[in-house]
Amino acid sequence: CRGSTRHPLEMRLKITHEEPKHNSLVTAVGWFKTSKAYELLTCGDDQAVWKWHVEGAPIGKLLQLDSYCICMAWMPNSKGSDNIFA
């Protein structure tokens with residue numbers, strides 16, 4: 001087209017980024033200390049367990065449960081080598 005500022009075959013790409021997170025109510029929260037820093041674990045009504053930095057950014061989804069989680073317990077080993085998540 002004459003006088004048009006756009007090329008007739010011009011395409012536009014829109015990129016959006018959404019951080020992963022629970023898609024339902026969080027029902028349990030627990031935190032633990034690694035050798036360097038504290039980390040946070042959450043369980044939700046979406047039957048997922050997520051690991052978070054204490055600043056609030058998600059590290060990642062740890063696992064998908066077969067049932068709903070209503071509480072969480074973290075029992076660190078006295079030697080600090082192996083931890084038990086229940």
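This passage walks through the fold, the core, the surface and the side-chain pairs of one protein. The model described here is a predicted one.

To begin with the overall layout, the protein contains zero helices and six strands. Read from the N terminus, its elements follow the order β-β-β-β-β-β. Of the 86 residues in the protein, 21% are buried. Among contacts with a separation of 6 or more, 24% are accounted for by residues 24 or more positions apart. The exposed area of the protein is about 7300 Å², and carbon and sulfur atoms supply 55% of that area.

Turning to the interior, nonpolar side chains in soluble globular proteins tend to be buried together. In this model, the largest nonpolar core has seven residues in all: Ala28, Phe32, Leu41, Cys43, Val49, Cys69 and Met72. Strands S1 and S2 each supply at least two residues of this core.

Strand S1, which spans residues 26-33, also has a part to play at the surface, where it gives the largest share, three residues, of a nonpolar patch. This patch covers about 520 Å² and is made by Val26, Val29, Trp31, Tyr38 and Val54. Tyr38 belongs to strand S2, residues 38-44. With a relative accessible area of 44%, Tyr38 is partly exposed, because it falls between the 20% limit for buried residues and the 50% limit for exposed ones.

Next come the aromatic rings. A pair of such rings is described by the distance of the centres and the angle of the planes. Searching the whole structure gives one aromatic pair. It joins Trp50 and Trp52, whose ring centres are 6.2 Å apart; their planes meet at 40°, so the pair is tilted. Both Trp50 and Trp52 are buried.

Charged side chains complete the picture. Side chains of opposite charge can pair when their charged atoms come close. One salt bridge is counted in the model. The partners are Lys51 and Glu39, with 3.0 Å between their closest N and O atoms. Lys51 lies in strand S3 (residues 48-53) and Glu39 in strand S2, so the salt bridge ties together parts that are 12 residues apart in sequence. How buried or exposed are the two partners? Lys51 is partly exposed, at a relative accessible area of 23%. Glu39 has a relative accessibility of 15% and therefore counts as buried, since buried means under 20%.

Notes:
Residues are numbered from 1 along each chain as its sequence is written. This is a predicted model: local features need pLDDT of at least 70, side-chain atom pairs count only at pLDDT 80 or more; totals for chains, interfaces and linings use all residues. Side-chain values use heavy atoms; hydrogens and water are left out. Patches are made of residues with over 30% relative accessible area and no salt bridge: like charges are joined within 9 Å, nonpolar side chains (Val, Leu, Ile, Met, Phe, Trp, Tyr) within 5 Å. Accessible areas come from the Shrake-Rupley method with a 1.4 Å probe; for residues, only the protein chains shown count as cover. A salt bridge is a side-chain nitrogen of Lys or Arg within 4 Å of a carboxyl oxygen of Asp or Glu. Helices (H or I, at least four residues) and strands (E, at least two) are DSSP runs, numbered from the N terminus. Buried means under 20% relative accessible area, exposed over 50%, partly exposed in between (1.4 Å probe, protein chains only). Rings of Phe, Tyr and Trp (its six-membered ring) pair if their centres lie within 6.5 Å; planes under 30 degrees apart count as stacked, over 60 as edge-to-face and the rest as tilted. A nonpolar core is a set of buried Ala, Val, Leu, Ile, Met, Phe, Trp, Tyr and Cys residues joined through side-chain atoms within 4.5 Å. Contact means heavy atoms within 4.5 Å.
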